[in-house]
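The following exercises are to be solved with the sequence and the structure in view. Each task is followed by a solution in steps.

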Amino acid sequence: MSSAPLRSPAPRPHRMKKDESFLGKLGGTLARKKKAKEVSDLQEEGKNAIHAPMSPASVEIHPEDTQLEENEERAVIDPTSREDPRFKELVKVLIDWINDVLVEERIIVKQLEEDLYDGQVLQKLLEKLADCKLNVAEVTQSEIGQKQKLQAVLEAVQDLLRPHGRVLQWTVDSIHGKSLVAILHLLVALATHFRAPIHLPEHVSVQVVVVRKREGMLHSSHVTEELTTTTEMMMGRFERDAFDTLFDHAPDKLSVVKQSLITFVNKHLNKLNLEVTELETQFADGVYLVLLMGLLEDYFVPLHNFYLTPDSFPQKVHNVSFAFELMLDGGLKKPKARPEDVVNLDLKSTLRVLYNLFTKYKHLE
């Protein structure tokens with residue numbers, strides 16, 4: 001039985017084609033991945049610029065925040081600062097204030113960056129606060145028109161603030177670019193200038209990442225932006241007095257001063273069967289101040305002139321303001337404190353007001 005003849009291995013062109021196809025596909029895949037990575041790298045350029053080696057924290061950047069022109073810059077608030085309770089309080093207080101001012105205009109602000117950037121709300125706010133009418137277009141949709149309106153509004157703001165030597169920390173581009181830092185600076189300046197009946201939280205600062213484009217490259221830096229200082233400094237009262245010294249250098253004597261003032265006011269309020277034990281809280285609604293002025297000047301204050309049981313911030317401010325008017329009528333100097341400071345339980349402001357009364361009326365039996 002003859003065996004089958006041996007066959008030489010046949011060529012395997014199919015296998016070779018398969019290998020070549022695999023390598024080709026692998027090469028194509030690698031090429032596509034490389035190209036995709038290059039695109040991804042370009043898209044991430046701005047974000048990578050933010051994550052500098054010394055950055056204290058990562059910052060989420062919107063794509064538009066990295067699309068800058070040459071020498072243009074943009075400021076982005078660090079997310080950690082956005083979550084700070086004092087920062088949140090500042091934003092809420094300002095939003096509530098704007099909505100209170102513009103309630104008759106049926107304007108409701110929910111987000112500062114989105115609602116104020118085009119100048120429409122800012123125009124209405126300034127007109128209401130300054131009791132004026134700006135010569136600008138009422139509604140404009142184009143970017144050019146928005147910036148023209150914004151320019152007119154900010155020029156009017158500058159005219160108001162310039163005499164006070166305030167450094168302006170905003171521009172048309174920063175406001176229109178929805179910079180929350182610039183918008184907050186503007187609103188704080190307006191609130192303090194017009195003595196808004198609100199309490200701005202003191203010493204609010206935020207960490208800001210500033211992105212700049214130079215020679216086609218993005219550069220970032222971290223800065224601390226101070227949005228508010230103390231109430232007194234923001235209101236332009238820089239002169240120091242005995243109470244500043246007392247609080248700063250002799251806090252141990254504060255209780256003695258408070259007790260002296262409590263004894264003084266109770267000597268008169270007791271005539272109405274009223275008694276004070278806490279100066280900062282019991283004078284905050286203005287009722288005791290009004291009654292005290294009537295007792296010191298020996299007259300009856302008609303009840304329709306003030307709120308005997310105030311239940312809102314404006315009513316309390318009205319009472320304290322009315323008491324200040326009675327003080328002026330009685331020959332006292334205008335109090336250094338604002339009515340809003342007293343309502344907001346600022347002890348130093350309350351002590352200043354009561355001490356002025358003490359120095360004039362302490363001789364009364």
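Helices (H or I, at least four residues) and strands (E, at least two) are DSSP runs, numbered from the N terminus. With this naming, Leu 345 is placed in the loop between α16 (339–343) and α17. The model is a predicted one.

**Exercise 1. Backbone angles in loops**

Task: Determine where Leu 345 and Asp 131 lie, and state the sign of phi for each.

Solution.
Step 1. As a rule, most residues other than glycine have a negative phi.
Step 2. Leu 345, although not a glycine, has a positive phi of about 65°. Its position is the loop between α16 and α17.
Step 3. Asp 131 is likewise not a glycine, and its phi is positive, about 55°. Asp 131 belongs to the loop between α6 (120–130) and α7 (143–161).
Step 4. To judge exposure, apply the cut-offs: buried is under 20% relative accessible area, exposed over 50%, and partly exposed in between. Leu 345 has a relative accessible area of 46%, so it is partly exposed. Asp 131 has 72% relative accessibility and therefore counts as exposed.

**Exercise 2. The surroundings of α14**

Task: Is α14 largely enclosed or largely open, and what covers its buried residues?

Solution.
Step 1. Of the 11 residues of α14 (287–297), nine are buried, so the helix is largely enclosed by the rest of the structure.
Step 2. The buried residues include Val 287, Tyr 288, Met 293 and Leu 296.
Step 3. Their cover includes α12 (254–269), α13 (279–282), α15 and α17 (347–361).
Step 4. After α14 comes Asp 298, with a positive phi near 60°.
Step 5. The loop from α14 to α15 (313–329) contains Phe 300. Phe 300 has 66% relative accessibility and therefore counts as exposed. Together with Leu 303 and Leu 308, Phe 300 makes a nonpolar surface patch of about 340 Å².

**Exercise 3. Salt bridges**

Task: State how many salt bridges the structure holds, and examine the partners of Lys 258 and Arg 338.

Solution.
Step 1. Side chains of opposite charge can pair when their charged atoms come close.
Step 2. The structure holds 10 salt bridges.
Step 3. In one of them, Lys 258 pairs with Glu 280, with 3.9 Å between the closest N and O atoms. This pair links distant parts of the chain, since Lys 258 is in helix α12 and Glu 280 in helix α13, 22 residues apart. Glu 280 has a relative accessible area of 18%, so it is buried.
Step 4. Arg 338 forms a salt bridge with Glu 340 (3.8 Å, N to O) and another with Asp 341 (3.3 Å, N to O). Arg 338 and Asp 341 each have 3% relative accessibility and therefore count as buried. Glu 340 is also buried.

**Exercise 4. The nonpolar cores**

Task: Which residues have the most contacts inside the largest nonpolar core, and which element gives the largest share?

Solution.
Step 1. The largest nonpolar core has 49 residues, and Leu 94, Trp 97, Ile 98 and Leu 112 have the most contacts inside it.
Step 2. Elements giving two or more residues to this core include α4 (85–101), α5 (112–116) and β2 (205–214).
Step 3. The largest share, 11 residues, comes from α9.
Step 4. Leaving aside neighbours within four places in sequence, the contacts of Ile 98 are Val 109, Leu 112, Leu 116, Val 121, Leu 125 and Leu 187.
Step 5. Apart from this core lies another, of 37 residues, among them Val 265, Phe 283, Met 327 and Leu 357.

How values were computed
Residues are numbered from 1 along each chain as its sequence is written. This is a predicted model: local features need pLDDT of at least 70, side-chain atom pairs count only at pLDDT 80 or more; totals for chains, interfaces and linings use all residues. Side-chain values use heavy atoms; hydrogens and water are left out. Patches are made of residues with over 30% relative accessible area and no salt bridge: like charges are joined within 9 Å, nonpolar side chains (Val, Leu, Ile, Met, Phe, Trp, Tyr) within 5 Å. Accessible areas come from the Shrake-Rupley method with a 1.4 Å probe; for residues, only the protein chains shown count as cover. A salt bridge is a side-chain nitrogen of Lys or Arg within 4 Å of a carboxyl oxygen of Asp or Glu. Buried means under 20% relative accessible area, exposed over 50%, partly exposed in between (1.4 Å probe, protein chains only). Contact means heavy atoms within 4.5 Å. A nonpolar core is a set of buried Ala, Val, Leu, Ile, Met, Phe, Trp, Tyr and Cys residues joined through side-chain atoms within 4.5 Å.
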